[in-house]
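Open the model in your viewer and keep the sequence panel beside it. This tour tells you what to select at each stop and what to look for there.

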Amino acid sequence: MLETIRVDRAFGEVVEGEAVVSEEGFSPRYDLDRWSGVITRPGHRLEGTSIKGKICFFPTAKGGIAAGWAFYDLKHKGIAPKALVFGVTNPVMVQGAVFAQMTITEGWSRTPRECIKTGDWVRVDPGRKVIELLKRS
């Protein structure tokens, strides 16, 4: 294991996968094409990036009531990320992730972009409240 990030709050199963690291917030309703799982908001730094099956790192969650049900929709369509790792989120996003049975975390001991890059392989372990870098891309 190369690096570890501790998280403040976490829910879900242990998952491993490819990281997608963003420097800007995320809304499943406004930033994402909910039929393909690709970030399509013009100007978003990850525009054109698929989040399907990825472990997604975002500093903040954006969105309200509709954002919560969007996670269930993504999961039902088979295009959901494996985990959502937020610096700061909100109760609606957490409720949506729990309802969809998606792994979600909030708060971190260090900024992910300091130690994890898009394409790296990571493990999210909600029970231990850690994110581990397993392999560099």
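Helices and strands here are DSSP runs, with at least four residues for a helix and at least two for a strand, numbered from the N terminus. Keep in mind that this is a predicted model.

**Stop 1: the whole chain**

Show everything as a cartoon. The protein has two helices and nine strands. Follow them along the sequence and you trace the pattern β-β-β-β-β-α-β-α-β-β-β. The radius of gyration is 13 Å, close to the 14 Å that the globule rule gives for 137 residues, so the protein is as compact as a globular protein of that length. Its C-alpha atoms fill a box of roughly 35 × 25 × 25 Å along the principal axes.

Now switch on the surface. About 6600 Å² of the protein is exposed, and carbon and sulfur atoms supply 52% of that. Of the 137 residues, 48% are buried. Next, think about contacts with a separation of 6 or more: 69% of them join residues 24 or more positions apart.

Colour the charges. There are 20 positive and 16 negative ones. Their mean positions are 1 Å apart.

**Stop 2: helix H1**

Select residues 65-77, which form helix H1. Which residues of H1 are buried? They are Ala-66, Ala-67, Gly-68, Ala-70, Phe-71, Asp-73 and Leu-74. Show them as sticks. Then add their cover, which includes strand S3 (32-33), strand S6 (83-88) and H2. Step just past the end of H1 to Gly-78, where phi is positive, about 80°.

**Stop 3: His-44**

Select His-44, in the loop between strand S4 (38-39) and strand S5 (55-60). Is His-44 buried or exposed? Its relative accessibility is 3%, so His-44 counts as buried. The cut-off for buried is under 20%.

Look for a polar atom of the His-44 side chain. The backbone nitrogen of Leu-46 lies 3.0 Å from it. Then widen the selection. Leaving aside neighbours within four places in sequence, His-44 is in contact with Ser-22, Glu-24, Gly-25, Asp-31 and Ile-39.

**Stop 4: Gln-101**

Move to the loop between helix H2 (91-99) and strand S7 (103-108), and pick Gln-101. Most residues other than glycine have a negative phi. Gln-101 is not a glycine, yet its phi is positive, about 60°. Why does Gln-101 count as exposed? Its relative accessibility is 55%, and the cut-off for exposed is over 50%.

**Stop 5: Lys-129**

Finish at Lys-129, in the loop between strand S8 (121-125) and strand S9 (130-135). Here too a residue that is not a glycine takes a positive phi, about 55° for Lys-129. With 38% relative accessibility, Lys-129 counts as partly exposed.

What does Lys-129 contact, leaving aside its neighbours within four places in sequence? Select Ile-5, Arg-6, Val-7, Asp-8 and Ala-10 to see those partners. For a last distance, add Leu-84. Lys-129 and Leu-84 are 45 residues apart in sequence, and their C-alpha atoms are 13 Å apart in space.

Note on methods
Residues numbered from 1 in each chain as written. Predicted model: local features only at pLDDT ≥ 70, side-chain atom pairs only at ≥ 80, totals over all residues. Heavy atoms only, no water. Buried < 20%, exposed > 50% of the residue type's maximum accessible area, 1.4 Å probe, protein only. Contact = heavy atoms within 4.5 Å. Polar contact = N/O pair within 3.5 Å; in protein donor to acceptor, adjacent residues only side chain to side chain. Rg over C-alpha atoms; globule rule 2.2 N^0.38 Å. Areas by Shrake-Rupley, 256 points an atom, 1.4 Å probe, with all protein chains shown as cover. Lys, Arg positive; Asp, Glu negative; His and termini not counted. Charge placed at Lys NZ, Arg CZ, Asp CG, Glu CD.
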